[in-house]
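Q: Please take a close look at the second largest pocket of this model, and say what lines it and how far the surrounding prediction can be relied on.

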Amino acid sequence: MSPHTPASRAAFTATGHAHLPATATRMRGRERQVAQFLCLIDAARSGPRHGGVFLVEGPSGAGRSRLLAEAATVATRSGFSVGYAAADEVRRAIPLAPLAGALDHDQDPAAPVAATTAATTSVPAPTPGVDGQIDRLRVRLETRLRHGPALLVLDDLHWADHATLAALHTLVTRFAAQPVVWALARSGDVESTAERLFAALREAVRTEPAHLGPLTARAIAELTADRLAAEPEHDLLAYLDGAEGNPAALVTLLDGLTEEHRVHIADGRARLADPAAHTRPPHRFNALVRRRVAALQPRTRQLLDVAGVLGRTSVPDDMSRILGEPTAAMLPALQEALASGIVVCEEDTVAFRNELVRQALLDTIPTPLRGALHRQAADMILTRDGSVLSAAEHLVHGARRGDAQAVAVLCSAATEVAVTEPRTAGELARYALEITAPADPARTELQRVAVEALTRSGPPHHATALAEEALAGPLPAEQAAELRYGLCLALLLGGRPDEAVGVAEHALRQPESTVRLPKQALRQPEYALRNAERPLRHLGLTTLPADRSEGPRDHAGPRAESAIRAPEIMPNTALNTVPNSALRERTTLARLHGLAQLDAAAAAEETREEIARRGTEPSAGLLCVLAETHWQAGRIDDAVRLTRTALTCETPSAAWPFPAALTLTAMLIRLRDHDEARTRLAGLVHDIDAQGWPVLHGAATILEATLALTQGALATASARAAAGLSAADGASPFAPLGRRVLVEVALRRGDLASAGEHADLLADAVAHRPEGDAARAARAAAAWTTARLAAARHDAPGADAALATAHADPAALRRLCAEEPSAAAWLVRADAEAGTAERAAETVRVAERLAADNADTPALQAAAAHARGVHRRDRDALRVAADTHRDSWARASASEDLGVLLHGDRAAAVPELERAMEEYAGAGAERDEARVRRRLRRLGVRRRHWTHADRPTTGWGSLTETERTVAGLVAQGLTNRQVAAQMFLSPHTIGFHLRQIFRKLRVQSRIELVRMYPGLADGS
């Protein structure tokens, strides 16, 4: 086929409704089909013996009729005689009606006839009575062709009568060498004779159908941008996945969201106004789904409604129980539901293909009836197998205020998953609190479960608020003690150790009594079984609903029986109660943990007293507290040994959120023991999940970022630090560390603007920490970082002020030198340049004392040698530091210092500076690498700047790491403000980076950037 001409292409792009953009823009995702049709039109125009067949297939809403209407308009403007008709179920009894209508006179392509349903199995041969009519149609077509090329458009051929299909087969093959183009369309949703006709035509004229499949991600983004006149953000595009790439469903979703003001458009960007409602479809979409299922039998619609209530997946047995009929009786309805494509089979379950469609079906069920169905489903599950968790998922939709049984089940379910799924537990407990009256005796138990779940899942301030609210009212002593312990943990996790210590001291002043332990604290099967019944006994319930199903209950196991039978009121035995001393010990541990951050010396003394008081082998928690106090006192070897001991004696426990593995991993990363730290970090993540503390994922991720930084993986360090800060609460004890990583990454890359913003956030984070040893250490570390940034900016007053802060507290300075291998040498160098020799000497003394007290820690030996070498201009000490530092940036710094010291001996200085430049390159320190390169040039040595010389001026290869990160986030649909939040920068800085990206990539808009972005350019 000849390529389509510019004239026909222009005609195609110029047609259509006046209020819409050009077709090339309007028919998003159908460019290949458009090109296929244009080729046929151009071929028919090129000579009298060229025709063709354009077969269009696709499901309902895929745009078949729209494509045909546009094709007819294009052909008309290209000089074709166009006949247009559509088959429908009503006129199916009239033989050849569609074909005759198309040939009688030209049809309005913008108003095709509506269609309904038909089904046959083969293409019949024309009957003798029809032969004459076909011959007359042949004559009409020949008459048309005398005036020029023709296009015959027949839509909805799945409804066509047998005679029409037979006549089409005859006429298409007979006129194959004539300038006539046939545009034929059928639905793929309906089985019909048209399927056989299309197969025969594919074979006869050697053509492939234009299949209208789901739109690609790129086409969806473009169509959305066209419809809203704004670029869609990631959350909106994710929501539109519910249309499954169907254009009609997509347009319906967009129009419905717009009508209901659920799309927020600002600065040319469109996003969901309420991201929390991501599963709630608009009313217009509900109507579309309901129209789709309206063609189904009433029993099928009822089955789909019940399946929607049961969830995304359900088993036929459950459907039959809800419907109150045997499974076999609903077989026809189930088969029709499967044939519709709304649901599919997944192994032994029936599943909705799309969650948004399920929600649309649910939304069309009257609210009272939907709630009653959920309540019925919960009763069915309880009587079937006693699964309180599965029942609770329905009760959050079907329970009403004052429903005591629902409250009991919700509380049991929340307790059951408090460790394994704390987020789910928190949601269940909070909903149960909403439907529980203030005076309900179950309320205190629900508050305890909710506080525990929220403490585990985070953010901690939610748990803190709920615990404080619960403790404000009158409570039995045992519940108050448990809630105070939960409040202590939430405050510690939220970076508020001073308040945690106060709450713990108040709790410890209360008289000792008998309290219940959470089931997670006891790994006894008997306790676990009875604990599931505890809320039921607490409410005085005697039984759960009777079995309403007609099937046997043999499959119900022991748990089901325990949930159905009338529970006994159990006495306070050792099985479910323990002396308050166990809870007091954990509260004491929480107090000491907080005290260690405020006053390490006092915490050390009291921890030793507590160990002596117990008179048994110390717990892992107490050993970790003692290790932390040793660390702050500069006894690093002792701290590591104590933590390793704690790790060996630590038994798996879900009651304490600060495992020894967390403490040891942090220590190993600070000491640059990379191999063991990497192994411990992987185990730490596993322990966090196993013990049910997802709130610690942010801390683990920040430690992962720190490890990546020490190994020179800046992109990983930046991404993981940002992710860790997002996952952790803003006041997390690990937040300053994460922000320091981001400052360091920006400094190494030479991005001083980003480093400044991160440094400001770091200063704000440490300024709001409660006063104490840990806060002073955090401020000293932040001051060292700020001093380095000021030095890079040549801000001498700013650097001097930051250095003064770093030296303000001797204990904080000691901890900084212990945790940052390069800090002592840098401080000595900076103080020497600033003329504050006494401060430089003090830093050397601190580093050497740390090395002397911790002979088993190589990192501290190297740091002391480095500081001494800089201060005393000791070549041998600097060589030792350059050889023994475990941190690549620190090694580079020591080599650079040595090269500078050897400046007068060019032959000796050059190798050291070249080594420094190589080490800086490995650490990703572009700015430091450039400085060393300048030093080498002064010595007459030219070293090509490989990183920058090889980087092109345009294209993806020209982008810096920061620009690549910004481009990737923008390509995901994030706004400047959202990217700024992800990268902890200001929107202004992101705007600057984005302008650089546009310039280097030679694009003008975000849409163009998305199209160019690797991995998105193919529409995936």
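A: This is a predicted model, and confidence is the place to begin: the chain has an average pLDDT of 81, with 85% of the residues scoring at least 70. Among the elements of the chain, the lowest mean pLDDT, 31, belongs to helix H27 (residues 558-564), whereas the highest, 95, belongs to helix H43 (residues 858-872). Over residues 514-579 the pLDDT is below 50, although the model gives this stretch 113 contacts beyond near neighbours in sequence. Residues 107-127 likewise stay under 50, with 57 contacts beyond four places in sequence.

Turning to the pocket itself, the second largest one holds about 1,100 Å³ of space. Its lining is made up of 37 residues, of which Trp826, Arg829, Glu833, Arg931 and Arg935 are the closest to its centre. Two or more lining residues come from each of helix H38 (773-792), helix H39 (796-806), helix H41 (823-834), H43, helix H45 (888-901) and helix H47 (926-938); H43, as noted, is the element with the highest mean pLDDT. Sorted by class, the lining has 19 nonpolar residues, 14 charged residues and four polar residues.

For a view of another part of the chain, consider helix H30 (residues 620-632), whose 13 residues should span 18 Å at 1.5 Å a residue, which agrees with the 19 Å between its end C-alpha atoms. All 13 of the 13 residues of H30 are buried, so this helix is largely enclosed by the rest of the structure. After H30 comes glycine 634, which has a positive phi near 90°.

Technical notes: Residues are numbered from 1 along each chain as its sequence is written. This is a predicted model: local features need pLDDT of at least 70, side-chain atom pairs count only at pLDDT 80 or more; totals for chains, interfaces and linings use all residues. Side-chain values use heavy atoms; hydrogens and water are left out. pLDDT is the predictor's confidence in each residue, from 0 to 100. Helices (H or I, at least four residues) and strands (E, at least two) are DSSP runs, numbered from the N terminus. Contact means heavy atoms within 4.5 Å. On a 1 Å grid over the protein atoms alone, a cavity is a set of points where a 1.4 Å probe fits but cannot get out, and a pocket is an open set with protein on both sides within 12 Å along at least five of seven lines; lining residues have an atom within 4 Å of a point. Grid points are joined across faces, edges and corners, and a volume is the space filled by probe spheres set on the points. Ala, Val, Leu, Ile, Met, Phe, Trp, Tyr, Cys and Pro count as nonpolar, Asp, Glu, Lys and Arg as charged, and the others, Gly among them, as polar. The expected span of a helix is 1.5 Å times one less than its number of residues. Buried means under 20% relative accessible area, exposed over 50%, partly exposed in between (1.4 Å probe, protein chains only).
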